[in-house]
Each structure stands twice: as structure tokens, then as C-alpha cells.
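Colleague: Got a minute to go through this model with me? I'd like to start with the DNA side and then look at the packing.

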Amino acid sequence: MRNDYADAVLRVASLVGPGRVLSYGDVAELLDAGGPRQVGAAMSRSGEAGGRGAVPWWRVIRANGTLPEPLAAEALEHWAAEATPLRGGRVDMARARWSPTELDFAEIDALAEGLSRGGAPKRGTPLV
DNA sequence: CTTTTGACAGCGT
DNA sequence: CACGCTGCCAAAA
């Protein structure tokens, strides 16, 4: 079922609570898979997300507490609305970084598990 | 199979 | 603070 890496990334993003954020690299590290670029690539697809934009994309940002031009403006509104710790127009990563609870860890671990599905692709499994 | 690309990160200059 | 280069890993061409 785990469609793919992107799905896991989106789920982790949805775990982040209001007023908190995670850097792309953090997400990759939590999943213990891929890297910041994969997370970003996955997030780019969040707009589609099966047609549902229920993904709090503004809670997954760059390590420096910002987002690319086109998104910064809109994200800033969300951050302000959620009382996210800001500093000079960008997120104060030191204070806003999300800390997963043990419960969240279990969730994340389960997601990571799904990614490792080395099951048995073998044979003509076109896969992605 | 190889090459290119991408909502990145970190370090050196 | 501004650039430039390297490392990263998966998906798409």
C-alpha cells in the first residue's frame, strides 16, 4: 500500500502540529530514508495529493527557516496564523522545530518500515 | 542501461 | 552576507 516515498513524507508532514515545523532534512532523517531533495520532490506533489490539498506543506521547510519565493508569502500567513516562532520574517528553527513524541516515533517508524518493503519486487514488476 | 533533475544541506572562499 | 562546489537519493527521461 505504501504508494511510495512521497506518501510517507506527506504523512510525516501531517504529523507536525500547528506552530511547529520540520526541515526537509529532518523529515528525511526521521524516515531514515532518502534526503532533503527527495522530501522536497515529494512535497512538490503534495499539491495534487490525490486531489486533496490537506497537507500542511508550510510546516516542512528549508533548514534555514524559509521556503522558495512562490511559497514564502503564503507560508508566512500560515505561520502568523499558527503563531509559529518567527525571526526576521523566517521561521526560528531553533524554537519551532517539531519534536516527535514516542507515539509519533511509532508512527514514523511504521512509515519507515513500509518504505523498506524489499518484499520481492522481482520479476516483471514494473513498479513506478 | 545512463543521464538529468529537483519545494535541499553544508562547507569553503 | 554573497557565491560556488560537493554530496545526497529517488523518479523521470
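**DNA surface and helix packing**

Modeller: Sure. By class, the surface near DNA strand B has eight nonpolar, four polar and two charged residues. Here nonpolar means Ala, Val, Leu, Ile, Met, Phe, Trp, Tyr, Cys and Pro, charged means Asp, Glu, Lys and Arg, and the others, Gly among them, count as polar. A residue is near a strand if one of its heavy atoms lies within 4 Å of it. This is a predicted model, where local features need pLDDT of at least 70, side-chain atom pairs count only at pLDDT 80 or more, and totals for chains, interfaces and linings use all residues. Residues are numbered from 1 along each chain as its sequence is written, chains are lettered from A and ligands numbered from 1 in the order written, and side-chain values use heavy atoms, with hydrogens and water left out.

Colleague: Which residues are closest to DNA strand B?

Modeller: Arg 37, Gln 38, Ser 44, Arg 62 and Ala 63, out of 14 that surround the strand. Helix α3 (residues 36–44) gives the most to that surface, with six residues. Helices are DSSP runs (H or I, at least four residues), numbered from the N terminus.

Colleague: What lies 2.2 Å from a base nitrogen of DNA strand B?

Modeller: A polar side-chain atom of Gln 38. Polar backbone atoms also sit by base nitrogens of strand B: one of Ser 44 at 2.8 Å and one of Met 43 at 3.0 Å. A polar contact is a pair of N or O atoms within 3.5 Å.

Colleague: Switching topic: how do α1 and α3 pack?

Modeller: Their axes, lines fitted to C-alpha atoms over the stretch in contact, are 9 Å apart at an angle of about 85°. The two helices are therefore roughly perpendicular (65 to 115 degrees). Tyr 5, Ala 6, Val 9, Leu 10 and Ala 13 of α1 touch Gln 38, Val 39, Ala 42 and Met 43 of α3, contact being heavy atoms within 4.5 Å.

Colleague: And which residues of α1 meet α2?

Modeller: Tyr 5, Ala 8, Val 9 and Val 12, against Val 27, Ala 28 and Leu 31 in α2. By class, that contact has seven nonpolar, no polar and no charged residues.

Conventions:
Polar contact = N/O pair within 3.5 Å; in protein donor to acceptor, adjacent residues only side chain to side chain. Axes fitted to C-alpha atoms, helices over the stretch in contact; angles between N-to-C directions. Parallel < 35°, antiparallel > 145°, perpendicular 65-115°, else oblique.
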